[in-house]
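Visitor: I would like to go through this model with you, one question at a time. Could you take me from its overall division down to single residues?

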Amino acid sequence: MMIRIRLILIATIIAFVISNYLFGQQNLTNSQIEEKVNLLLSEMTLEEKIGQMVQYSGTSPKYEQMIREGKIGSFLNIRGATEANRLQRIAVEETKLGIPLIFGNDVIHGYRTIFPIPLAEAASWDPDLVEKAASIAAKEAASEGTHWTFAPMVDIARDPRWGRIAEGSGEDPYLGSVMARAKVIGFQGDELADPFTILACPKHFVAYGGAEGGKDYNTVDISERTLREIYLPPFKAAVGAGAGSIMSAFNEISGIPASANELTLTDILRGEWGFNGFVVSDWNSIGELVSHGIAADPYEAGYKALKAGVDMDMMGNVYLISLSELVNEEEIHEESINDAVRRILRYKYRLGLFEHPYINPDCTKDVILNEKHLDTALKLARESIVLLKNEKKILPLKKDLNAIAVIGPLANDREAPLGSWACEGKSKDIIPVLEGIKNKVSSKTKVLYAKGCKVEGGNRKGIQKAIKIAKKAKVVIIVVGENADMSGEAASRAFLDLPGIQVELVKAVYKTGIPVVVVLMNGRPLAIPWIVENVPAILESWFLGVQCGNAIADVLFGDYNPGGKLPVTFPRSVGQVPIYYNHKNTGRPLNKFSKYTSKYIDLPSSPQFPFGYGLSYTKFNYSNLRINSGKISLSDSLVVEVEVKNHGDRTGDEVVQLYIHDLVASVTRPVKELKGFLRITIAPNEKRNVKFVLYPEQLGFYNCEMEYITEPGKFEVMVGGNSVDLVKTTFEIEQSSN
Ligand code: NOJ
């Protein structure tokens, strides 16, 4: 009996050791992973290796057969445990090597609990909360079988016509970098093998947001300096935060498409930054090298993409057909294929997929739309709202007014607040503005509603009813803007005004003389001069996700004091675009008294609302700006302190922003560059001392030789609540003595 027990024990231990060795285990060390990857690689045929580099979308019997043949290593757009497990079973149980599939999805601003769109999240200037939202998105997505998100989207966007501006953090490389880092950490957590974390994939590498004319997929022609100083920093921050994959973009960068760009994908990403994850192409962006005109056929496209550093082909069908022939004809070495496959397999191990290929269908319980998730969604939605105008303190409204009119095509809409890329978000989960308001006001308050018109189109039939109910109310709340699909991919606009006859609706209601509050819902900065000049109160709510109506009602009725700030400049007219705060001075900076200076003759040069702008129901005052020294050396740091006082009678949030200006340098420098910020809550009459530490390397730039340096000389340092109203002082970086 004893001997039998002992034998069983020994057999169990051996089985455990063997299965752990073969199938991986959690928290493997890098060298263990390396060993396993190399062992696996040594057993793979060339075709099986290429299969790991191939990703398809959705499922079909054809794909299932391809999995069996080892021709697919990854899928996108597979959601739900049942389907994920079904396909995974084929890969694990019906193939020679049993290598698990990796499932990727666009989990951009939430999985089922939809958070504000990324542009709105950036308006919160609250990276901790944004990180938390990303970790929730990861948890929900992982619980339904997703291993990998194609996020964060970290493209800098200076052109609001570009629909994908909605998916990123706006125009500024510093704010964009902070948000990129927060999201990567949120998605990936401390340990990728944790079943509730997912692999991040910063995208679209790189400069996709520089599309000419704001037209999606269009040509990008920028200097290497602009590439390095504006478009690359958020990617660098994401890589620094540990992002394990990167997506190569659709666009060309000054003649070389991003998905065949050796400078960006290999020299900079891997060479300069030491990125050791894998690169996935955007959807067919390898195949599109033919349309770009740098490849004659898929073979040349595959050759160029692989050589540049793209490891996985998303839906291009190029690697599958071209790579083995390219190897057989000795156009490429099998070692390049091995390198790419190693990079992919390493992450399959790091994610723990070999040990836990399947998802337990029960694990979605208590995860999807969990109370705590909804609570974070509410907090982030409130923090993302930007108060653009509030004349005569019309806001906040009293909860016990006897009648309120809620008007507009988006007032009772459950689709728009989902925004683009809403993943598993459902319109039934959305609290529309009308519902949020009804839940907020007193029982004796009548809430009257009229749609007025649609977002698009010219049907005026509803305007009369809107006027009629407005006349019965003490105040009118008009919710106007864009539909969700008017921003995001392939949704560039040539105009930035409110679509359809929405301005007409606002004007008609305004004419009644009843005070009007406009709530904007949109995925980009809009140019709405009439509304800004005439309507006394305007809230920018972007697309706020599931808690939209609750968050807006909290702000409208004063249960939450808005503190969001614009992560992007709002133009007065589309003619000003591109318009961004960190522009250069030019040789002839604007001087309204001198004709021959940089300006328009028919429009002010200033934006409608500057970057960093946003009001509160209270007032903040900045004073006593101090620096620890007027002169620092290249090895010192500069301590900048300022006092911020809440002069009103309500507690409020302020985003304290720090900008610098390098006054004289060997290459021209922007008039302002954001280098630090902090969102703080200040009680009435409270004064807070806010401290920033600046290091000389934060004050550097790329010189004529394209080396990153910090040059000695004078700098301005400016602090304030937006990029225009700032208190400032100067300091100098001294020439070092040796
Ligand atoms: C194309 C988009 O550009 C990219 O952002 C997305 O991740 C992929 N399609 C996959 O859906």
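Guide: What follows is a series of questions and answers about this predicted model.

Visitor: Into which domains is the protein divided, and how far apart do the C-alpha centres of domain 1 and domain 2 lie?

Guide: The division gives domain 1 (2-363), domain 2 (373-576) and domain 3 (620-733). For domain 1 and domain 2, the distance between the C-alpha centres is 37 Å.

Visitor: How many residues does the contact take from domain 1 and from domain 2, and what area do the two bury between them?

Guide: The contact takes 47 residues from domain 1 and 47 residues from domain 2. Carbon and sulfur atoms carry 62% of the area buried between these two domains, and that area comes to about 3,600 Å².

Visitor: Which three residues of domain 1 supply more of the area that it buries against domain 2 than any other three?

Guide: Together these three account for 17% of the area that domain 1 buries against domain 2, and no other three residues supply as much. They are Arg112, Ile114 and Arg161.

Visitor: How many salt bridges does the rule find across the interface of domain 1 and domain 2, and how many does the count come to by this rule?

Guide: Across the interface of domain 1 and domain 2, three salt bridges are found. By the same rule, the count comes to 44 salt bridges.

Visitor: Which helix gives the largest share of the largest nonpolar core?

Guide: The largest nonpolar core has 193 residues, and those with the most contacts inside it are Phe75, Tyr319, Ile337, Leu395, Ile407 and Leu556. At least three of its residues come from each of domain 1 and domain 2. The largest share, seven residues, is given by helix 15 (residues 334-350).

Visitor: How many residues has the other core, apart from this one?

Guide: Among the residues of this other core are Ile114, Phe115, Leu380 and Val546. Its size is 24 residues.

Visitor: In the salt bridge of Glu94 and Arg68, are the two residues buried or partly exposed?

Guide: The side chains of Glu94 and Arg68 meet at 2.6 Å, N to O, and the pair links parts of the chain 26 residues apart, with Glu94 in the loop between helix 5 (81-93) and strand 3 (102-105) and Arg68 in helix 4 (residues 61-68). Since buried would require under 20% relative accessible area and exposed over 50%, the values to compare are 43% for Glu94 and 31% for Arg68. Glu94 and Arg68 therefore both count as partly exposed.

Visitor: Which residues are linked in a network of salt bridges that includes Asp559 and Lys399?

Guide: Asp559 and Lys399 form a salt bridge whose closest N and O atoms are 2.9 Å apart. This pair links distant parts of the chain, 160 residues apart, with Asp559 in the loop between helix 21 (548-556) and strand 16 (620-627) and Lys399 in the loop between strand 10 (386-390) and strand 11 (403-407). The residues linked in the network are Arg382, Lys399, Lys440, Asp554 and Asp559.

Visitor: Which strands stand at the edges of the open sheet of five strands, and why is one side of each left without a neighbour?

Guide: The sheet is mixed in its pairing, and its strands come in the order 17-25-24-19-20. Each edge strand has a single partner strand, so one side of it has no neighbour in the sheet. The edges are strand 17 (631-632) and strand 20 (673-682).

Visitor: Which residue in strand 20 is the bridge partner of Gln657?

Guide: Strand 19 (residues 652-662) and strand 20 run antiparallel and are joined by nine bridges. In strand 20, the partner of Gln657 is Phe677.

Visitor: Where does the cis peptide bond from Lys203 to His204 place His204 in the chain?

Guide: The bond from Lys203 to His204 is cis, with omega near -5°. The place of His204 is the loop between helix 8 and helix 9.

Visitor: Is Asp366, with its positive phi, buried or exposed?

Guide: Asp366, a residue other than glycine, has phi near 65° and lies in the loop between helix 15 and helix 16 (371-384). Its relative accessibility is 67%, and the limit to pass is 50%, so Asp366 counts as exposed.

Technical notes
Residues numbered from 1 in each chain as written. Predicted model: local features only at pLDDT ≥ 70, side-chain atom pairs only at ≥ 80, totals over all residues. Heavy atoms only, no water. Core = buried A, V, L, I, M, F, W, Y, C linked by side-chain atoms within 4.5 Å. Buried < 20%, exposed > 50% of the residue type's maximum accessible area, 1.4 Å probe, protein only. Helix = DSSP H or I, 4+ residues; strand = E, 2+ residues; numbered from the N terminus. Domains from an automatic or database assignment. Pairing = 2+ DSSP bridges. Contact = heavy atoms within 4.5 Å. Buried area = accessible area lost by both parts, 1.4 Å probe. Salt bridge = Lys/Arg side-chain N within 4 Å of Asp/Glu carboxyl O.
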